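Okay, thanks for coming, everyone. Let me put the structure up, and then I'll talk you through a few places in it.

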Amino acid sequence: MIEEVLPHVYRMEIPLPRNPLRSINSYLIKGQGRFLIIDTGMNREECMSEMTSDLKKLNVDLHKTDFFITHLHADHLGLVSNLATDTSKVYISKLEASIVAMIGEERWKNFGSIYKAHGFSDDELGKIMKALPGRQYSLKHSIKFNTVKEDDVIDIGDYSFRCIETPGHSPCHMCLYEADKKILVSGDHILSKITPNITFWPEIDNPLKEYLASLDKVYPLDVNLVLPGHRHIFSDHKKRITELKKHHQDRLSEVLSALKDGEKNAFQVAPYIKWDIKYSSWELFPSMQKWFAVGETIAHIKYLEGKNLVRQRTKNQQIVFSAI
């Protein structure tokens, strides 16, 4: 599906089959003899088919196209190596470019060990490791990135976008802001109807703290239109930020409540949280959804540790937590 959201700015809805997110918003901006695509979809046939069809309808020449990747998740990054040509520039933050370059079996093995220490069984981890989108649907091959940092500017046609580093959802997620036209390309930093997953990252000591600070960072911006990575375009980013901050405060309260009756690992804390998911009990959650839920639980516990409200210790090779 293609929607012209602003003059020479198009939203392409790229499907994410069998994924709770359903689709990703990829944005195309037409300039004078040049194009910019923001985020791409996963490296899978269904994404490539829709992207190819949409680009053909929009008369896009990939040899005259650059790319901006808001962050390293496969649904935003994965297809770019299939699309970029030897005349393309692919923009991403320096930190995330370095992480993408080192992703491999050793990193996934380390993740597995960490999640096992937080309560996952070997059986459940085995299922998850086979199904992780980051392993299945990320880059087809390595790519040369053009790294960008805070306040760098990307000009395309009538638009001039300033890069804003917004870590939290990923180690160095990046938004784009067009001050004159009051546009915020928010990636997965701010979404309209769903809450971005704030999870464990080895590169961030306190991901929820970083995320909340990044929300505060973009709150004062003068914005008329938010172009998010998923679901609907919206306008009132300040209202949505207020809602997101309340959501995380509620979740922090749920974590503390879970720890009142004794110490638990993150896997044991997660069922106490009210997840927005159709399954009626934790036991019915698919393994992959448990992975995301526990990752988010860890992030919230780390935030509470930073506030000296929770302490951790190691017990029988498991990391367990208790309220202070």
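I'll go through the sheet, then the helix contacts, then salt bridges, and finish with two odd backbone angles.

Some housekeeping before that. This is a predicted model, so local features need pLDDT of at least 70 and side-chain atom pairs count only at pLDDT 80 or more, while totals for chains, interfaces and linings use all residues. Residues are numbered from 1 along each chain as its sequence is written, and side-chain values use heavy atoms, with hydrogens and water left out. Helices (H or I, at least four residues) and strands (E, at least two) are DSSP runs, numbered from the N terminus.

Right, the sheet. What is the strand order in the open sheet of 5 strands? It goes 8-9-10-11-12, with mixed pairing; two strands pair, by the way, if DSSP finds at least two bridges between them. Strand 8 (153-156) and strand 12 are the edges, each with a single partner strand, so each has one side without a neighbour in the sheet. From one strand to the next, the twist averages 25°. Axes here are lines fitted to C-alpha atoms, for helices over the stretch in contact, and angles run from 0 to 180 degrees between N-to-C directions.

At the strand 8 end, strand 8 and strand 9 (residues 159-165) run antiparallel and are joined by 4 bridges. If you want a spot to click on, aspartate 155 stands opposite serine 160 in strand 9.

Now look at cysteine 175, which sits in strand 10. Buried or exposed? Cysteine 175 counts as buried, at 0% relative accessibility. The cut-offs: buried is under 20% relative accessible area, exposed is over 50%, and partly exposed is in between, with a 1.4 Å probe and protein chains only. Leaving aside neighbours within four places in sequence, cysteine 175 has contacts (heavy atoms within 4.5 Å) that include Arg162, Cys163 and Ile164, along with Leu184, Val185 and His189.

On to the helices. Helix 11 (residues 287-306) turns up twice here. Helix 6 (residues 122-131) comes within 9 Å of helix 11, axis to axis, and the two cross at roughly 95°. That makes helix 6 roughly perpendicular to helix 11; the bins are under 35 degrees for roughly parallel, over 145 for roughly antiparallel, 65 to 115 for roughly perpendicular, and the rest oblique. On the helix 11 side you have Ser287, Met288, Lys290 and Trp291, and they meet helix 6 residues including Leu125, Ile128 and Met129. By class, that contact divides into 6 nonpolar, 1 polar and 3 charged residues. For the classes, Ala, Val, Leu, Ile, Met, Phe, Trp, Tyr, Cys and Pro count as nonpolar, Asp, Glu, Lys and Arg as charged, and the others, Gly among them, as polar.

Then there's helix 9 (residues 237-259), which packs on helix 11 at about 85° with the axes 10 Å apart. Helix 9 and helix 11 are therefore roughly perpendicular too. Among the residues in that contact are His247, Arg251 and Leu252 from helix 9, and Glu296, His300 and Tyr303 from helix 11. The class split there is 6 nonpolar, 3 polar and 2 charged.

Salt bridges next: how many does the structure hold? There are 21, counting a side-chain nitrogen of Lys or Arg within 4 Å of a carboxyl oxygen of Asp or Glu. Take arginine 34 and aspartate 66, whose closest N and O atoms are 2.9 Å apart. The pair links distant parts of the chain, 32 residues apart, with arginine 34 in the loop between strand 3 (23-30) and strand 4 (35-38) and aspartate 66 in strand 5 (residues 65-68). Arginine 34 is partly exposed at 25%, whereas aspartate 66 is buried at 10%.

Another one is aspartate 122 with lysine 116, at 3.1 Å between the closest N and O atoms. Aspartate 122 is exposed, at 54%, and lysine 116 is partly exposed, at 38%.

Last stop, phi angles. Most residues other than glycine have a negative phi. Histidine 8, though, has a positive phi, near 70°, and lies in the loop between strand 1 (2-6) and strand 2 (9-15). Aspartate 151 has a positive phi as well, near 75°, in the loop between strand 7 (146-148) and strand 8. Histidine 8 is partly exposed at 39%, and aspartate 151 is partly exposed at 45%.

That's my tour, thanks.
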